[in-house]
Amino acid sequence: RGWSLPERSSRDMAAGTKNRLRYREFKPGDIVFFAPKGRKSKASEVYHAGLYLGRGWIIHSSGSRAGVSIARIARGSWWFDQILWGRRLIRK
């Protein structure tokens, strides 16, 4: 059936998140939002989003030239400190 996602930008999707997930709560299919100060940031500061694959990995697009790539976001990665929160779209 699908799901509703009326927001269009990563900032709007982050701002529209009612149940904010922490890293340890992420499941495959969740959207992960990134901001400069990580959890200390506001939704309006979100600059990027990716789709969580599980085991500390996301799939994302960093621009039209780079295309789609897979990145590690687990503790110790550059991305880890940039994680704001996650959003679940698929109910399991």
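Strands here are DSSP runs of E of at least two residues, numbered from the N terminus. With that in hand, Ser 41 can be placed in this predicted model: it sits in the loop between S1 and S2. Loop or not, Ser 41 is buried, because its relative accessible area is 8% and the cut-off for buried is under 20%. A polar atom of the Ser 41 side chain lies 2.9 Å from the backbone nitrogen of Lys 37. Once neighbours within four places in sequence are set aside, the contacts of Ser 41 are Ala 35, Pro 36 and Leu 84.

The two strands on either side of that loop also pair with each other. S1 (residues 31-34) and S2 (residues 48-54) run antiparallel, joined over four bridges, and Ile 31 is found opposite Leu 51 in S2. They belong to an open, antiparallel sheet of five strands, ordered S4-S3-S2-S1-S5. S4 (68-72) and S5 (83-87) take the edges; each has a single partner strand, so one side of each has no neighbour in the sheet. On average, neighbouring strands of this sheet are turned by 35 degrees against each other, direction ignored.

Further along, the loop between S2 and strand S3 (57-61) holds Arg 55. Arg 55 isn't a glycine, yet its phi is positive, at about 50 degrees. This residue counts as exposed because its relative accessibility is 83%, and exposed means over 50%.

Now for the inside. Nonpolar side chains tend to be buried together in soluble globular proteins. In this model the largest nonpolar core has eleven residues: Leu 21, Phe 26, Val 32, Phe 34, Tyr 52, Ile 58, Ala 71, Ile 73, Trp 79, Phe 80 and Ile 83. Another core lies apart from it, with ten residues that include Met 13, Val 46, Trp 85 and Leu 89. Back in the largest core, Ile 73 has plenty of company: leaving out neighbours within four places in sequence, its contacts include Phe 26, Val 32, Phe 34, Tyr 52, Ile 58, Trp 79, Phe 80 and Ile 83, along with Tyr 23, Gly 56 and Trp 57.

Rings get together too, with a count of six aromatic pairs. One of them is Phe 26 with Tyr 52, an edge-to-face pair at 5.4 Å centre to centre and 65 degrees between the planes. Phe 26 belongs to the loop between helix H1 (10-15) and S1, while Tyr 52 is in strand S2, so this pair ties together parts 26 residues apart in sequence. Both Phe 26 and Tyr 52 are buried. Through ring pairs, Tyr 23, Phe 26, Tyr 52 and Phe 80 are linked into a cluster.

How values were computed. Residues numbered from 1 in each chain as written. Predicted model: local features only at pLDDT ≥ 70, side-chain atom pairs only at ≥ 80, totals over all residues. Heavy atoms only, no water. Core = buried A, V, L, I, M, F, W, Y, C linked by side-chain atoms within 4.5 Å. Buried < 20%, exposed > 50% of the residue type's maximum accessible area, 1.4 Å probe, protein only. Contact = heavy atoms within 4.5 Å. Pairing = 2+ DSSP bridges. Axes fitted to C-alpha atoms, helices over the stretch in contact; angles between N-to-C directions. Polar contact = N/O pair within 3.5 Å; in protein donor to acceptor, adjacent residues only side chain to side chain. Phe/Tyr/Trp six-rings, centres within 6.5 Å; stacked < 30°, edge-to-face > 60°.
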